[in-house]
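Reader: I would like to go through this model by question and answer. Please keep to what can be computed from the atoms.

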Amino acid sequence: MTKNPKNLKIPKQAARQYPKPPEGSWTEHCPELDTDPISYENSISPEFFELEREAVFKRAWLNVGRVEQLRRKGSFFTKEIPGLKTSLIIVRGKDDKIRAFHNVCRHRGNKLVWNDHPAEEVSGTCRQFACKYHGWTYDLEGKLNFILQEGEFFGIDKADYPLVSVHCDVWKGFIFVNFAEQPEKSLDEFLGPMITAIDYPFEKLTQRYYYRGDIRSNWKIFHDAFQEFYHPPILHGHQNPVMRQADYKDQGFYTSHFQVDGPHRVGSTSGGAGGKLIPEFYNPIEQVMRSGLFGPWDPSEIVGDELPAGLNPGNKDNWGLDSFQIFPNFAIVFWETGWYLTYHYWPVAHDRLLFEANAYFTPPRNVRERLAQQLGIATIKEYALEDCGTLEATQMGLESRVVTSFPLGDQEFMCRHLNKMINNWVDDYKRSRAEG
Amino acid sequence: MADALLPPEFSALEPFVEDWCLDSEPERYAKRLSSSMDEIQEFYDATMPRAEEAIQYLDKLPLDDLPEDAFRLLKLLYSLILMSFPVEIWKQPYIPDTGTAEFALKIEPVP
């Protein structure tokens with residue numbers, strides 16, 4: 001482990017404004033990382049993808065939704081997990097406990113809950129689940145209740161054929177599942193102190209907008225664009241007069257704080273200063289709607305004198321947002337005006353992902369608040385689609401294998417950390433399999 | 001005026017109701033991609049100067065119980081938001097460099 005001989009050269013003002021840790025960089029501050037160029041073989045190899053499914057997606061806790069999607073006893077939704085070629089039923093039982101089951105009938109393997117199109121997700125409320133094929137029926141706790149012509153089956157005991165359950169637990173209203181036979185850690189242990197310190201009034205932000213995209217890039221390549229703030233002034237620079245400022249175009253953008261805890265990480269920035277600059281910095285629609293990329297300019301009712309516990313972990317002045325990356329594929333972004341975004345990056349194949357973005361606001365009290373939210377979420381699409389196109393291009397560039405080693409800057413700390421964590425989990429899985 | 005499409009103050013915008021009052025983001029985005037810049041610009045030029053006035057009018061009404069004419073006016077504002085990007089930023093209906101990627105709003109609140 002030799003120290004990188006090429007020390008960073010930060011302009012004096014930026015060095016004052018965005019101080020680095022004592023080691024000289026965020027990257028060197030993290031004992032698990034080095035400063036060498038990295039490989040993206042893990043994002044273009046079908047063989048690696050097969051390993052990653054087993055090593056990461058069948059071992060980590062995965063967020064599949066929120067409790068507000070299951071308001072009553074018997075409320076359910078199905079969740080497709082394309083990379084694992086499986087579908088889940090998430091249901092609130094008569095005892096109010098939330099459970100997860102594989103969405104497969106024990107009789108002949110038919111997908112149990114779906115409507116019209118077998119691959120599409122559905123939601124609703126019911127008392128039991130009945131298979132469309134032969135009518136076998138399961139209760140909300142997954143127990144097989146009814147077999148048509150039961151006497152025709154050889155020595156069958158219904159108790160032997162419950163739905164196949166999946167480990168399921170809830171943190172702050174976020175429903176997580178774990179596909180391991182026995183998870184190595186409880187959900188709270190897995191999330192660790194940095195994430196579980198977050199005490200945010202999620203239950204008050206029930207106004208939900210849900211985007212979904214089908215994109216031809218590896219899930220990590222796509223994820224990386226949403227965990228560095230190095231690209232926005234360039235890739236998205238035309239969109240927003242704020243980003244057209246000479247400051248960002250010529251000098252780039254600095255993240256004010258990075259932190260990791262286990263496989264999870266956070267980056268904090270000064271956000272977008274929505275509405276605080278002179279009008280010329282905003283597009284006309286932003287001035288009318290008092291909103292933009294960074295959401296509504298006016299704080300929502302949850303914004304008080306103090307930030308919720310766990311936010312702004314670096315205790316920085318001019319805090320604007322925290323972008324928490326919960327391993328492996330889930331992110332929560334908290335904004336200073338009192339709303340939050342989640343991102344999910346679901347692998348489909350080594351070169352394809354399903355991208356989900358949810359925006360959550362407090363219910364608008366009037367049309368003005370409603371429109372401010374609408375412009376915020378519309379802007380997300382203008383930016384996200386630029387990322388989508390570009391990351392398909394990145395995937396193509398990587399797959400050429402013309403270049404195999406890529407230098408990452410200190411602003412791309414979180415990309416380097418994800419890459420390292422994935423490789424660690426896969427190495428660990430290969431080791432445990434070899435030891436058998 | 002029982003069958004007026006919009007509140008009387010905004011009757012000048014009625015010619016836009018048929019094409020631009022749409023129920024969902026995917027419909028609005030499809031409308032954006034299938035329209036010429038001239039059509040988008042005409043809609044923008046008609047609605048943008050009235051936007052603040054429309055917001056002030058709608059703000060006096062209960063959001064969860066809007067009369068039909070007011071709801072149509074609100075839907076015109078939703079379309080204005082999506083059409084502002086071609087006019088104010090891109091100078092073309094579609095976002096440059098986005099290839100074949102799809103990204104659509106699947107769940108959105110009503111109204």
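Author: The questions below concern a predicted model, and they go from domains to a helix, a sheet and the chain contact.

Reader: How far apart do the C-alpha centres of domain 1 of chain A and domain 2 of chain A lie?

Author: Chain A is divided into domain 1, made of 12–41 + 194–435, and domain 2, made of 62–182. The distance between their C-alpha centres is 33 Å.

Reader: Which strand gives the most residues to the side of domain 1 of chain A that touches domain 2 of chain A?

Author: In this contact, 10 residues of domain 1 of chain A meet 8 residues of domain 2 of chain A. The domain 1 side divides into 6 nonpolar, 3 polar and 1 charged. The element that gives the most to that side, with 4 residues, is strand S16 (residues 339–349) of chain A.

Reader: Why do the buried residues of helix H4 of chain A lie on the same side of the helix, and what arc do they cover?

Author: The buried residues in H4(A), which spans 187–196, are Phe190(A), Leu191(A) and Ile195(A). They are on the same side of H4(A) because the arc they cover around the axis is only 60°.

Reader: Which strands are included in what covers the buried residues of H4(A)?

Author: Phe190(A), Leu191(A) and Ile195(A) are the residues to be covered. The cover includes strands S9 (165–171), S12 (257–261), S13 (264–269) and S14 (321–326) of chain A.

Reader: Which strands stand at the edges of the open sheet S6-S7-S8 of chain A?

Author: The sheet has 3 strands with antiparallel pairing, and the twist averages 35° from one strand to the next. S6(A) is joined to strand S7 (residues 137–139) of chain A by 3 bridges, with Phe129(A) partnered by Tyr138(A). An edge strand has a single partner strand, so one side of it is left without a neighbour in the sheet; the strands placed this way are S6 (128–130) and S8 (144–146) of chain A.

Reader: Which element gives the largest share of the side of chain A that touches chain B?

Author: The contact takes 34 residues from chain A and 29 residues from chain B. Strand S11 (207–215), helix H9 (284–289) and helix H10 (367–399) of chain A each give two or more residues to the chain A side. That side divides into 16 nonpolar, 9 polar and 9 charged. The largest share, 16 residues, comes from H10(A).

Reader: Which residue of chain B does Tyr210(A) stand opposite?

Author: S11(A) pairs with strand S1 (residues 102–107) of chain B in the antiparallel sense, over 5 bridges. Opposite Tyr210(A), in S1(B), stands Ile107(B).

Key: Residues numbered from 1 in each chain as written. Chains lettered and ligands numbered in written order. Predicted model: local features only at pLDDT ≥ 70, side-chain atom pairs only at ≥ 80, totals over all residues. Domains from an automatic or database assignment. Contact = placed C-beta atoms within 7 Å. Nonpolar A, V, L, I, M, F, W, Y, C, P; charged D, E, K, R; others polar. Buried ≥ 20, exposed ≤ 12 C-beta atoms within 10 Å, placed from the backbone. Arc of directions from axis to C-beta. Pairing = 2+ DSSP bridges. Axes fitted to C-alpha atoms, helices over the stretch in contact; angles between N-to-C directions.
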